[in-house]
Amino acid sequence: QNYYVACGYTDLRRGIDGLAAIVSQQYGGCLSEESLFLFFGRRTDRIKALYWSGDGYILLYKRLSNGRFQWPRSEAELQTTIRQQQAEIDNLKKKLDHMNEILLNAQRARFGQSSEKKAYVLSEDQICLFNEAEQVQDHKAEEPTEETFTVKAHARKKKRTIAELAKNLPVEEIILQLPESKLNCSKCGGTFRLIGKKLVRRELIIIPQQEKILEYYSCTYACDKCEKDTGFAHILTAQAPAALMKHSLASPSTVADVIIKKYVDGLPLVRQEKIWARQGVELSRAHWPTG
């Protein structure tokens, strides 16, 4: 497509026929290719365009709601504007090429091969600095002598036995005995007697944590003799142990369990809350010890 700019002012009151007459006068009546003609008036916020589609004209009109068009008033001013825009385009192309080169080098450094013989790392002239040792060695040099190095001995840790691993745990023996119905000898009809036992295997078992509610009831006592002699009974009530936290279900064992799991085992309160819920106890961590 061809673009034509009508420098100076044009009466934008002209319609398609009036603008087509200007095109015929300035550019000739024979248009063989699609072309666009731009016209500008006295007011700088509107522009008209006449488009030749090959078999007729199309009239285009544009008016800016904000801003103004920068329009050349003469051919010299148009040429100056074109040169300025071309220089700006060339400058932007240089910046784009420079940024693409930086991006390409960054991608090569991150994702490319690490070989120093690549062309983008070393040129062909620099590769000669890294020739093989056989090409630069001195054949008349003396052979190096052997030296003795003493390496510090390494003592392997002795593996601990199962008995050593479980020495601090209580042991419960499970005695496997035959029922009395099988203690009769099938050969002679006699009776078997116990002559010993042997260790078959060891197992480590875990007893799940159990929870229960302790309800403290304080008993009250009355003296029958005082009541008989005076008519008033002497009342005595058993004192309950002091609560760790008033109006709370917390006990020393409960608080100790929470603190050990949080500060020794590193188990957050939110996970402890889920563990309690899984065991059937709905506790809120809002009032648990967190300090």
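**Exercise 1. Locate L283 and classify its solvent exposure.**

Solution. L283 lies in the segment that follows α7 (269-278). The coordinates belong to a predicted model. The relative accessible area of L283 is 25%. The buried class ends at 20% and the exposed class begins over 50%; L283 is therefore partly exposed. As a further step, consider L249, which is 34 residues from L283 along the chain; the two C-alpha atoms are separated by 9.7 Å.

**Exercise 2. Describe the secondary structure and the contacts of the protein chain.**

Solution. Begin with the count of elements: the protein chain has 7 helices and 6 strands. Next, write their order from the N terminus, which reads β-α-β-β-β-α-α-α-β-α-β-α-α. Then turn to burial: 13% of the 291 residues count as buried. Finally, take the contacts between residues at least 6 apart in sequence; of these, 41% join residues at least 24 apart.

**Exercise 3. Test whether the length of helix α1 agrees with the expected span, and identify what its buried residues pack against.**

Solution. Helix α1 covers residues 16-27 and contains 12 residues. The expected span is 1.5 Å times one less than the number of residues, so helix α1 should span 16 Å. The C-alpha atoms at its ends are 16 Å apart, in agreement with that value.

For the packing, list the buried residues of α1: G18, L19, A20, I22 and V23. An α-helix has 3.6 residues a turn, so residues three or four places apart point the same way. The buried residues of α1 pack against three strands, namely β2, β3 and β4 (57-63).

**Exercise 4. Characterise the surroundings of D45: is this residue buried or exposed, and which residues does it touch?**

Solution. First, place the residue: D45 is found in the loop that joins β2 (35-40) to β3 (46-52). Its relative accessible area is 17%. The limit for burial is 20%, so D45 is buried. The next step concerns polar partners: the side chain of D45 makes a polar contact with the side chain of R46, at 3.1 Å. Leaving aside residues up to four places away in sequence, D45 touches K62, R63, L64, G67 and F69.

**Exercise 5. Examine the backbone and the exposure of H247.**

Solution. H247 belongs to the loop between β6 (235-237) and α6. Its phi is positive, about 55°, although H247 is not a glycine. The relative accessibility of H247 is 87%. Because exposed means over 50%, H247 counts as exposed.

**Exercise 6. Describe the largest pocket and the second largest pocket by volume, lining and residue class.**

Solution. Rolling a probe the size of a water molecule over the atoms shows where empty space is left. The largest pocket has a volume of about 1,600 Å³. Its lining consists of 29 residues, and those nearest the centre are E172, E173, I174, L199 and R201. Sorted by class, this lining has 19 nonpolar, 2 polar and 8 charged residues.

The second largest pocket holds about 1,100 Å³ of space. It is lined by 31 residues, with S248, L249, A250, S251 and T254 closest to its centre. Helix α6 (residues 252-264) gives the most to this lining, namely 6 residues. By class, the lining of the second largest pocket comprises 19 nonpolar, 9 polar and 3 charged residues.

Note on methods. Residues numbered from 1 in each chain as written. Predicted model: local features only at pLDDT ≥ 70, side-chain atom pairs only at ≥ 80, totals over all residues. Heavy atoms only, no water. 1 Å grid on protein atoms, 1.4 Å probe; cavity = no way out; pocket = protein on both sides within 12 Å on 5 of 7 lines; lining within 4 Å. Points joined across faces, edges and corners; volume = space filled by probe spheres on them. Nonpolar A, V, L, I, M, F, W, Y, C, P; charged D, E, K, R; others polar. Helix = DSSP H or I, 4+ residues; strand = E, 2+ residues; numbered from the N terminus. Buried < 20%, exposed > 50% of the residue type's maximum accessible area, 1.4 Å probe, protein only. Polar contact = N/O pair within 3.5 Å; in protein donor to acceptor, adjacent residues only side chain to side chain. Contact = heavy atoms within 4.5 Å.
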